[in-house]
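Let's take a walk through a protein together, one part at a time. Have the sequence and the 3D view ready, and turn the view as you read.

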Amino acid sequence: YDGPSRRSGRERKTLNTGFVPANISDLDPFGIVGTTSFTLGQPFALQVSEEALILMDLHAHMLEIEIIGYMAGMFDMEAKVLRVMRAFPGKSLVSGHEHVELDPSSEVEVKEQVTAAGLDIVGWYHSHPTFIAEPSVRDIENQCNYQALFNMGVTLKAGKPFVGCILSPYGDQAHGCASTIRWFLTEAAGHGTASKRLGYSVIPAQVSVSCGDLSPDLKGQIRTLINALCGDPHRWRWTDEWDDNAANPESYATISRLCKCITSLFSHVLAAAAGALHCTVPTTLHFNDVPYHEYDFYSSSPPTVPLPVCKDLSGSSLDADRHNKFLDMVQVKQRALKRLEHILLVAWGVP
């Protein structure tokens with residue numbers, strides 16, 4: 001196995017930020033539109049589970065071509081809170097470096113799985129493997145269609161929210177190893193030929209934490225995903241080196257794609273624990289050239305790298321009790337992700 005080609009697709013042109021006209025026949029469907037902020041504030045809060053993020057981010061890291069899936073959860077109409085609780089990877093009918101479509105048979109299967117879990121489909125996700133996590137003209141059109149299909153309608157005042165999510169695992173990174181993630185909605189504005197489709201950036205309020213090990217449901221989904229993609233000709237070769245910050249090459253050591261992937265997954269664990277304890281942690285995910293997920297949080301000997309420094313929301317260091325709670329929350333999942341690292345190597349046929 002020689003791994004996929006390393007091309008990242010042609011350069012994408014950035015169009016008018018935040019909107020596309022109703023008539024898009026003259027536009028490059030792969031041109032980046034970008035998003036804009038809500039004029040009157042975000043109409044609902046978005047909460048995302050760490051396990052949904054872990055599965056979506058893993059899926060995005062596995063292939064050099066775009067991947068796609070649905071997100072499931074529920075909307076609290078009274079509290080105006082949309083909760084993304086689980087992710088459901090889909091099979092691609094058409095996929096490339098710049099485009100992906102969900103296989104209709106996979107869509108039926110995913111909908112059955114979501115119904116069996118007692119949840120609603122509340123969004124869709126896909127990857128931009130090697131370029132920025134901003135919607136393209138086609139993404140905006142797809143989001144409009146999804147919102148109509150799942151009863152959100154073309155305005156933000158109608159129906160239930162249905163969000164889009166774009167993950168960029170290997171694009172220009174602003175946060176070291178952590179994938180860049182963009183959540184977005186669309187809304188129609190104007191009439192006739194002057195109408196536009198606006199892309200709004202949605203800001204998650206928090207990442208919800210689940211205590212203990214990865215859930216049995218998530219472990220089962222990860223096994224299914226690995227079995228489905230381990231023979232894909234477009235899979236990344238985990239042992240290849242990843243240029244983790246070309247803009248600032250002295251900041252980090254050269255690491256493998258697998259190490260980068262696991263570190264990005266661990267960033268969601270850290271964010272969830274920090275949110276639960278109302279504190280903050282460093283976002284660079286590297287210290288002294290050691291990836292965050294390789295820290296030995298409970299070493300009996302003095303650590304060779306500094307432990308993550310947690311701060312409360314005022315910027316002060318946490319007391320010992322809260323800091324130990326933070327470490328307790330992340331240790332079990334740290335071990336689970338290190339086991340996953342080995343499983344991925346074996347599944348990809350790497351000794």
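A residue is called buried when its relative accessible area is under 20%, exposed when it is over 50%, and partly exposed in between, using a 1.4 Å probe and protein chains only. At 32% relative accessibility, S92 therefore counts as partly exposed. Before going further, note that this is a predicted model, in which local features need pLDDT of at least 70 and side-chain atom pairs count only at pLDDT 80 or more, while totals for chains, interfaces and linings use all residues. Residues are numbered from 1 along each chain as its sequence is written, and side-chain values use heavy atoms, with hydrogens and water left out.

Let's begin with the whole protein. It contains six helices and 17 strands; helices (H or I, at least four residues) and strands (E, at least two) are DSSP runs, numbered from the N terminus. Of its 351 residues, 51% count as buried. Contact means heavy atoms within 4.5 Å. Among contacts between residues at least 6 apart in sequence, 71% join residues at least 24 apart.

S92 gives a small example of how sequence and space differ. This residue lies in strand β5. S92 and L102 are ten residues apart in sequence, and their C-alpha atoms are 4.8 Å apart in space. Leaving aside residues up to four places away in sequence, S92 touches E66, I68, V100, E101 and D103. For a wider jump along the chain, look at E64, in the loop between α1 (50–62) and β3 (68–76). E64 and H234 are 170 residues apart in sequence, yet 5.7 Å separates them in space, C-alpha to C-alpha. With a relative accessible area of 2%, E64 is buried.

Now find helix α5, residues 257–276. How far apart should the ends of its 20 residues be? The expected span of a helix is 1.5 Å times one less than its number of residues. For α5 that gives 28 Å, and its end C-alpha atoms are 29 Å apart, which agrees. Because 17 of the 20 residues of α5 are buried, this helix is largely enclosed by the rest of the structure. Just after α5 comes H278, with a positive phi of about 55 degrees although it is not a glycine. H278 sits in the loop between α5 and β14 (279–280), and at 55% relative accessibility it counts as exposed. K80 is also not a glycine, and has a positive phi of about 60 degrees. You will find K80 in the loop between β3 and β4; at 41% relative accessibility, K80 counts as partly exposed.

Next, look inside. A nonpolar core is a set of buried Ala, Val, Leu, Ile, Met, Phe, Trp, Tyr and Cys residues joined through side-chain atoms within 4.5 Å. The largest one has 67 residues, and M56, L58, M62, W183, F326, L340 and L344 have the most contacts inside it. Helix α5 supplies the largest share of this core, eleven residues. Apart from it lies another core, of 20 residues, among them V110, V114, A133 and Y146. Back at L58, the residues touched include I222, L225, C261, L265, L340 and L344, not counting residues up to four places away in sequence.

I222 and L225 lead us to α4, where both are among the buried residues. What covers the buried residues of α4 includes α1, β4 and α6 (320–347). In α6 you can also find V330, which counts as buried at 0% relative accessibility.

Finally, turn to the second largest pocket. On a 1 Å grid over the protein atoms alone, a cavity is a set of points where a 1.4 Å probe fits but cannot get out, and a pocket is an open set with protein on both sides within 12 Å along at least five of seven lines; lining residues have an atom within 4 Å of a point. The second largest pocket has 24 lining residues, and the closest to its centre are P89, G90, K91, T224 and L225. Which helix gives the most to this lining? It is α4, with six residues.
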